[in-house]
Amino acid sequence: MTRRLPALLSGLVVVAVALTGCQAATSEPSTAPTASGPLVPLAEADLLDNPKDYVGESVALLRELQIKPITSSPAQELPAKVTSHDPGGDRNVTVTDTSRIIGLDISGSIAATIYGLGLGDNLVGRDSSTTFPPVGELPLVTRGGHTINSEAVLSLRPSVIVTDGTVGPLDALLQLRDAGVPVVFVKAEPGVSGVADLTRQVAAALGATDSGELLATSLTADIDAKIAEIAAISPKPADRLRMVFLYLRGASGIYYLFGQESGADQLIEAVGGIDVATEIGWEGMRPMTDEAIIAANPDLILVMSDGLESAGGVDGLLEAKPALALTTAGKNERFVSMADGEILSFGPRTADVLDALARAIYAP
């Protein structure tokens, strides 16, 4: 598999920033609602007789926003000498101090992983996708969506930055390195299958390899068990829901269809759906075209909650993009939304994200 995702995501960030402009850094956290009521196994939920017949939108809600660390005090071996997978080529980086960490990526997965390792108290700043408590209360170091504010980063005096290059610009990260801050680039396959690899790489960068192995093993078991549980309640292959993931920023006219190598493809497969963007050969993330969405003709469309709101909700989106209204999902208004900082966060909460999506899809 090729490794084009950072470049694809960086392009998306550039477009978003150009259209939305810059915002001042803020320490105000973003919050997401949680599900209430007893949590029954998926097999005991009030499942739809035929998910294709359901009409209307639904929201996927996590039961718990907090992440439980694998250990409260992970053992560390410092200095940690690791390979940083820079966009320009691998390079050796030595990390001597992890007392003030910043994790940066477009989905919030890195900061969540750092917290899951037991090093949450060492985090001093966050990106806009890192919203879980209590880290969501830390100072924001990105602006205009996913653009790094170098001044905000330096003001926090980080001892190390861990990133995957999906927030930028790259020059900002290189400037931070030139300023004396160790910057470690990790590189894992986007999606469910890359969770364990990402965990081990982040742990290695922070000298916490033992905790990384424990967390990676635990997350893999949880994810595999949840995928099996979803498979047991999802329709047989011939009746599986055809799904796509749309990234929306309606006020800025941004409508991106996520396909192969975006992570959304694996997410859809994990919840028992057919990723029709992959089926039509859509790679990475590109602006949605009328022809593409009509050809895909999904039964269900996954979106980020804030993105859907920015488009004026389902009604506003269908009015702005009439081609969507021609699809089966559009006719049935079959949209499933989830908080922006959760739906594509492939880290410690992956199994919980899959569970919440499955309930919104099969037992709304």
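Me: Ala, Val, Leu, Ile, Met, Phe, Trp, Tyr, Cys and Pro count as nonpolar, Asp, Glu, Lys and Arg as charged, and the others, including Gly, as polar. What makes the lining of the largest cavity two nonpolar, two polar and three charged residues?

Reply: This is a predicted model, in which local features need pLDDT of at least 70 and side-chain atom pairs pLDDT 80 or more, whereas totals for chains, interfaces and linings use all residues. Residues are numbered from 1 along each chain, and side-chain values use heavy atoms, without hydrogens or water. The lining comprises Pro51, Lys52, Tyr54, Asp299, Thr328, Asn332 and Arg334. Pro51 and Tyr54 are therefore nonpolar, Lys52, Asp299 and Arg334 charged, and Thr328 and Asn332 polar.

Me: Why are these called lining residues of a cavity?

Reply: A cavity is a set of points on a 1 Å grid over the protein atoms alone where a 1.4 Å probe fits but cannot get out, and lining residues have an atom within 4 Å of a point. The seven residues from Pro51 to Arg334 are therefore listed as its lining.

Me: How do you know that the buried residues of H4 line one face of the helix?

Reply: Helix H4, a DSSP run (H or I, at least four residues), spans residues 170-178 and has Ala172, Leu173, Leu176 and Arg177 buried (under 20% relative accessible area, 1.4 Å probe, protein chains only; exposed is over 50%). Their directions from the helix axis to the C-beta atoms fall within an arc of 140°, so they line one face. The face turned away carries the exposed residues Asp171 and Asp178.

How values were computed. On a 1 Å grid over the protein atoms alone, a cavity is a set of points where a 1.4 Å probe fits but cannot get out, and a pocket is an open set with protein on both sides within 12 Å along at least five of seven lines; lining residues have an atom within 4 Å of a point. Helices (H or I, at least four residues) and strands (E, at least two) are DSSP runs, numbered from the N terminus.
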